[in-house]
Amino acid sequence: MSDVEVTPEVETAGDPEFALPDISLASFDNPTNIDNKYFPMTPGTHYVFEGFTEEAGRQIPHSIIFTVTDLTKEIMGIRTVVAYIVDYSDGKLVEAEIAFYAQDNDGSVWFMGEHPEVYEDGKMVDAPT
């Protein structure tokens, strides 16, 4: 993602370390054309991230599969690209979600929200949108 300069026109959650640019200051003329060199999102793109997490002192295989769909959804008046993301820990599904992204005119990619489903033992136990 491109560098973000924090200016006085930002919203903070009470902590300046987590200051975020005010989305109302950004321009989104073609928000679903996400061609940021660090996070391009062409429909059909499929990223697979594999590694390990540590749980109770043990290394557990962990993978995330991120797929850019050809779907879009309007959020806060901004058309977004929909991604489908699945998260596996030790080969078991722990989360599946749809997430929404848009690119502003400056080339910054904005995470616009998500709808996750949390799984335990193969059953959905929560959906904390």
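Start at Glu74. With 49% relative accessibility, Glu74 is classed as partly exposed, because the exposed class begins over 50%. Keep in mind that this is a predicted model.

**Stop 1: the salt bridge**

Stay on Glu74 and add Arg79 to the selection. Their side chains form a salt bridge, with 3.7 Å from N to O. That falls within the 4 Å cut-off, so the pair qualifies. Arg79 has a relative accessibility of 36% and is therefore partly exposed as well. Opposite charges on side chains can pair when the charged atoms come close. How many salt bridges does the count come to? The count is one.

**Stop 2: the whole chain**

Zoom out and colour by secondary structure. The protein chain has eight strands and zero helices. Read from the N terminus, the order is β-β-β-β-β-β-β-β.

Now switch on the surface. About 8,600 Å² of the protein chain is exposed. Carbon and sulfur atoms account for 51% of that area. Of the 129 residues, 32% are buried.

Next, show contacts. Take those between residues at least 6 apart in sequence: 36% of them join residues at least 24 apart.

**Stop 3: the aromatic rings**

Hide the surface and show the Phe, Tyr and Trp side chains. The whole structure holds seven aromatic pairs. Select Phe39 and Tyr101. Their ring centres are 5.5 Å apart and their planes meet at 85°, so this pair is edge-to-face.

Which parts of the chain does the pair tie together? Phe39 sits in the loop between strand E2 (20–21) and strand E3 (46–55), while Tyr101 belongs to strand E6 (residues 92–103), so the pair links parts 62 residues apart in sequence. Are Phe39 and Tyr101 buried or exposed? Both are buried.

Widen the selection to Tyr47, Phe49, Phe66 and Phe111. Together with Phe39 and Tyr101, they make a cluster linked by ring pairs.

**Stop 4: the E7–E8 hairpin**

Move along to strand E7 (residues 109–120) and strand E8 (residues 123–126). These two strands pair antiparallel, over three bridges. Phe111, from the ring cluster, lies within the residue range of E7.

Select Tyr119. Which residue stands opposite Tyr119 in E8? It is Met124.

Finish at the turn. Two residues lie between the strands of this hairpin. Pick Asp121 and check its backbone: phi is positive, near 55°.

Definitions and conventions: Residues numbered from 1 in each chain as written. Predicted model: local features only at pLDDT ≥ 70, side-chain atom pairs only at ≥ 80, totals over all residues. Heavy atoms only, no water. Helix = DSSP H or I, 4+ residues; strand = E, 2+ residues; numbered from the N terminus. Buried < 20%, exposed > 50% of the residue type's maximum accessible area, 1.4 Å probe, protein only. Contact = heavy atoms within 4.5 Å. Areas by Shrake-Rupley, 256 points an atom, 1.4 Å probe, with all protein chains shown as cover. Phe/Tyr/Trp six-rings, centres within 6.5 Å; stacked < 30°, edge-to-face > 60°. Pairing = 2+ DSSP bridges.
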